[in-house]
Amino acid sequence: MGVVWFGNYCKLIDEASARLSHVTGLTYNEFKRAGIMAPVKHFEIDYKLPLTLGEEVTVRAAMIWSEALRINVEYTIFKKDGAAAAVAHMIQLLIDAQSMQTIYVEPPLFLAFRDRWRRGE
């Protein structure tokens, strides 16, 4: 029984991030159509318990509201018994895909997303 390499936690988080993007409508394709990119500004992970190879886990991704024009997400990797194996936080900023400059005025894609969130959708 081996211990999961630490980088594989990031793979699990990336898979959860992709699922979250489809739920929220903030997919790579939607960003591309809008001429926006959302690079990671900050990422941190706190490893709480080791995972073993082949162990079943669940990853929960929760967006954290911010009035700032950024995407804040908290990820928790749960072991089968419900114990948290890791907690991660990621912040993404929005930039213009052509100029590569930070966007300070909410683009329509992000306005629509926030309106859906406020309505509880």
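Good morning. A pocket, as I use the word today, is an open set of grid points with protein on both sides within 12 Å along at least five of seven lines. The model before you is a predicted one, and by that definition its second largest pocket holds about 160 Å³ of space.

I shall begin with this second pocket. Its lining is made up of Leu20, Val23, Thr24, Ala61, Ala62, Met63, Phe113, Arg116, Trp117 and Glu121. Helix H1, strand S3 and helix H3 each contribute two or more of these residues. By class, the lining comprises seven nonpolar residues, one polar and two charged.

The largest pocket has a volume of about 410 Å³. Which elements give two or more residues to its lining? They are H1, helix H2 (28–34), strand S1 (36–37), S2, S4 and S5. H1 provides the largest share, eight residues. In total, 24 residues line this pocket, and Ser17, Ser21, Tyr28, Ala38 and Gln92 are those nearest its centre. The lining divides into 17 nonpolar, five polar and two charged residues.

There is also enclosed space to consider. A search of the whole structure returns one cavity of 30 Å³ or more, and the volume of the largest cavity is about 60 Å³. Its lining consists of Met63, Ile64, Trp65, Ser66, Arg70, Ile71, Asn72, Phe110, Phe113, Arg114 and Trp117. S3, S4 and H3 are the elements that each give two or more residues here, and H3 gives the most, with four. Seven of the lining residues are nonpolar, two are polar and two are charged. Met63, Phe113 and Trp117 deserve attention, as they appear in the lining of this cavity and also in that of the second largest pocket.

I turn now to the strands. S3, residues 57–64, and S4, residues 70–79, run antiparallel and are joined by eight bridges. Together they form a hairpin with five residues between them. Within this pairing, arginine 60 of the model stands opposite threonine 76 in S4.

S4 in turn runs antiparallel to S5, and nine bridges join the two. They too form a hairpin, here with four residues between the strands, and glycine 82 in the turn has a positive phi of about 95°. On the other pairing of S5, strand S2 (residues 40–47) is antiparallel to S5 over seven bridges, with isoleucine 45 opposite alanine 88 in S5.

Is S5 mostly covered or mostly open? It is mostly covered, with seven of its 10 residues buried. Leucine 93, which belongs to S5 (residues 84–93), is not one of the buried residues: its relative accessible area is 24%, and buried requires a value under 20%, so leucine 93 is classed as partly exposed. Beyond its neighbours within four places in sequence, leucine 93 is in contact with Met37, Ala38, Pro39, Lys41, Leu69 and Arg70. The last of these, arginine 70, is 23 residues away in sequence, yet the two C-alpha atoms are 4.7 Å apart.

Next, the nonpolar core. In general, nonpolar side chains in soluble globular proteins tend to be buried together. In this model the largest nonpolar core has 26 residues, and Leu26, Phe31, Ile71, Ile77 and Leu94 touch the most other members. Helix H1 (7–24), S3, S4, S5 and H3 each supply at least two residues of this core.

Isoleucine 71 links several of these topics. It stands opposite glutamine 92 in S5, and it is among the residues lining the largest cavity. Apart from neighbours within four places in sequence, isoleucine 71 is in contact with Leu26, Phe31, Ala38, Met63, Met90, Ile91, Gln92, Leu94 and Phe110. Of these, Leu26, Phe31 and Leu94 are named, with isoleucine 71 itself, among the core residues that touch the most other members.

I close with methionine 100, which lies in the loop between strand S6 (95–96) and helix H3 (108–118). Its phi is near 65°, a positive value in a residue other than glycine. Why is methionine 100 called partly exposed? Its relative accessible area is 46%; exposed requires a value over 50% and buried one under 20%, so methionine 100 falls in between.

Thank you for your attention.

Note on methods. Residues numbered from 1 in each chain as written. Predicted model: local features only at pLDDT ≥ 70, side-chain atom pairs only at ≥ 80, totals over all residues. Heavy atoms only, no water. Buried < 20%, exposed > 50% of the residue type's maximum accessible area, 1.4 Å probe, protein only. Contact = heavy atoms within 4.5 Å. Core = buried A, V, L, I, M, F, W, Y, C linked by side-chain atoms within 4.5 Å. 1 Å grid on protein atoms, 1.4 Å probe; cavity = no way out; pocket = protein on both sides within 12 Å on 5 of 7 lines; lining within 4 Å. Points joined across faces, edges and corners; volume = space filled by probe spheres on them. Nonpolar A, V, L, I, M, F, W, Y, C, P; charged D, E, K, R; others polar. Pairing = 2+ DSSP bridges.
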